Amino acid sequence: TMLPTKYGDKIQSRISDAFDKQGGEFDRIVTGISSKPLTRAEAGVALREQANALKAAAKENTDRLYTETRGLATAPATVDATANLIDKLKVAREGLGKWSAKTKGAQADTVLSHATDIVDEARANGWSFMDLKDARSTIGKMAADTDDGVLKGHLNSLRDALTTDMETTAKAAGDEAVTSWKTAETAYKDRISPETGFGRGGQGYALTDARVDTDKLVTNIFADKSKGGNKIAATRRVVEKDDAGKQVWRDSLAGEVDRMGRAADGEFSGTQFFREWNKLSPEAKSHAFNGTDLAEYRADLDRLSRITDNMKKYGRKANHSNTRNHSTILDKFTPTRVIGGALGLGADLLTTGGIGTASVLTGAAAGAAIDVAKNSGIRQSVNVLTSPDVVKWLTEVPAASVKKGGMKAHIERLAKAVAAASPGSPLRVTGGHVLRNLGWGEDDQNNK
């Protein structure tokens with residue numbers, strides 16, 4: 001009666017070790033992304049500080065470029081486009097019916113007043129290029145701040161007219177001034193763009209909006225993680241404009257990944273990690289990890305997720321002590337010893353290696369591998385865990401071994417999967433190694 005308990009304890013010990021190795025791999029990935037994973041509160045502060053610094057730097061850059069244009073465009077500014085807009089607005093205003101005049105007339109009158117004041121002052125005082133720029137900035141802010149669609153439309157029309165006047169003023173000064181103007185305009189448009197900069201409605205605006213608590217920033221960024229993850233992509237476009245921003249993203253991402261797999265007691269939870277990791281859509285994962293070496297960590301996390309799923313049947317605290325089949329396989333079952341030999345692993349690798357060695361094999365497969373390795377003296381390393389498919393196949397060895405003809409059928413299934421796999425793939429390489437160590441061939445019908 002003690003034999004099942006004895007071997008059940010051994011199995012349980014190996015299973016616990018396997019779960020520990022998963023935790024070790026998880027820690028390796030997290031620290032590989034960043035050695036300083038941030039809490040959500042810390043990440044929110046870091047992201048806001050980075051966004052604010054980039055916003056200030058972008059404004060400083062556009063101001064510098066416009067100042068350079070001013071030095072080249074020294075002639076008095078023209079306001080012909082703004083004057084033409086006044087004429088068009090007057091015609092449109094006079095054409096309004098009684099009701100439209102009540103609901104839309106005031107907005108037109110407001111913009112007519114602004115435009116008239118600009119033209120009158122510019123012509124009377126001889127405005128410069130920079131005076132036009134300042135007026136355009138003021139009108140643009142008015143347009144951004146209002147929720148009145150009619151007023152916003154008229155203000156944007158005035159802003160466009162001032163832009164045309166700025167361009168005309170630069171052209172009057174020659175090609176060098178025009179080139180300087182275009183460079184400044186490109187930088188300005190990037191800065192106010194909701195997609196790439198800090199314009200209202202974009203992620204840059206959200207990151208720098210002081211009304212939003214920094215504690216909520218990271219939660220908001222990952223809010224659409226089950227869908228396209230567009231906020232993740234937008235955040236990276238905003239903050240990763242320099243090396244400091246790239247590091248802030250890595251620190252923030254490492255913290256988010258760590259929370260996916262870290263249970264309340266601080267230990268790694270494979271079940272929790274599998275659940276949380278798979279809440280991210282493939283698109284969201286791509287947006288979060290694409291670029292430099294982050295992509296390889298995404299692949300590592302995908303693989304670890306599949307492994308944790310495959311090992312769910314071996315619950316860390318499950319009762320294995322009464323499983324006679326396990327004790328039989330560990331002690332005497334020849335097919336499983338063959339599988340152990342197929343791994344080509346020494347006992348030292350099985351007990352000291354990390355992810356990427358067979359040390360994470362559990363139950364009968366690990367026991368048999370140790371047994372055979374001790375007797376054969378083999379010391380060849382195999383990256384068993386580069387292929388979750390091979391891991392799954394190995395975890396199914398105990399069940400196959402106790403069925404008549406089960407191991408032969410089980411090996412045949414692996415052979416078919418290996419043959420169908422792409423050349424160079426983890427399944428092809430690792431599975432092929434297992435089959436070669438078994439001495440298995442397509443024409444060999446004597447393997448048992």
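Buried, as I will use the word, means under 20% relative accessible area, whereas exposed means over 50% and partly exposed lies in between, with a 1.4 Å probe and protein chains only. By that definition aspartate 258, with a relative accessible area of 18%, is buried.

Before I go further, a word on what we are looking at. This is a predicted model, in which local features need pLDDT of at least 70 and side-chain atom pairs count only at pLDDT 80 or more, while totals for chains, interfaces and linings use all residues. Residues are numbered from 1 along each chain as its sequence is written, and side-chain values use heavy atoms, with hydrogens and water left out.

Let me stay with aspartate 258, which forms a salt bridge with arginine 262, the closest N and O atoms being 2.7 Å apart; by salt bridge I mean a side-chain nitrogen of Lys or Arg within 4 Å of a carboxyl oxygen of Asp or Glu. Arginine 262, at 24% relative accessibility, counts as partly exposed. Salt bridges that share partners also join Glu25, Arg28, Asp300 and Arg303 into one network.

How many salt bridges does a search of the whole structure find? The search finds 24, and I have picked out two more of them. One is formed by the side chains of glutamate 256 and arginine 40, with an N to O distance of 3.1 Å. Since glutamate 256 lies in helix H11 (residues 243-261) and arginine 40 in helix H2 (residues 40-72), this pair ties together parts that are 216 residues apart in sequence; helices here are DSSP runs of H or I with at least four residues, strands are runs of E with at least two, and both are numbered from the N terminus. Glutamate 256 is buried, with a relative accessible area of 4%, whereas arginine 40, at 34%, is partly exposed.

The other is the salt bridge between arginine 200 and aspartate 145, where the closest N and O atoms are 3.0 Å apart. Arginine 200 sits in the loop between helix H7 (175-192) and helix H8 (203-208), and aspartate 145 in helix H5 (residues 129-145), so this pair ties together parts that are 55 residues apart in sequence. Arginine 200 is partly exposed at 44% relative accessibility, and aspartate 145 is partly exposed at 41%.

Now to the aromatic side chains. A pair of aromatic rings is described by the distance of the centres and the angle of the planes. In our terms, rings of Phe, Tyr and Trp (its six-membered ring) pair if their centres lie within 6.5 Å, and planes under 30 degrees apart count as stacked, over 60 as edge-to-face and the rest as tilted. The whole structure has nine aromatic pairs. In one of them, tyrosine 66 and phenylalanine 129 have ring centres 6.4 Å apart and planes at 40°, so the pair is tilted. This pair links distant parts of the chain, with tyrosine 66 in helix H2 and phenylalanine 129 in helix H5, 63 residues apart, and both tyrosine 66 and phenylalanine 129 are buried.

Phenylalanine 222 and tryptophan 249, by contrast, make a stacked pair, because their ring centres are 6.3 Å apart and their planes stand at 10°. Phenylalanine 222 is in the loop between helix H9 (217-221) and helix H10 (230-239), and tryptophan 249 is in helix H11, so the pair ties together parts that are 27 residues apart in sequence. Phenylalanine 222 is buried at 7% relative accessibility, and tryptophan 249 is buried at 0%.

There is also one aromatic cluster formed by Phe26, Phe268, Phe273, Trp277 and Phe289. Phe273 and Trp277 appear again in helix H12 (residues 270-277), whose buried residues are Gly270, Gln272, Phe273, Glu276 and Trp277. Seen down the axis of H12, these buried residues fall within an arc of 160°, so they line one face of the helix; the arc is that of the directions from the helix axis to the C-beta atoms.

Finally, a brief look at helix H4 (residues 98-125), where alanine 122 is found. Alanine 122 is buried, with a relative accessible area of 4%, and its C-alpha atom is separated by 7.3 Å from that of valine 79, 43 residues away along the chain.
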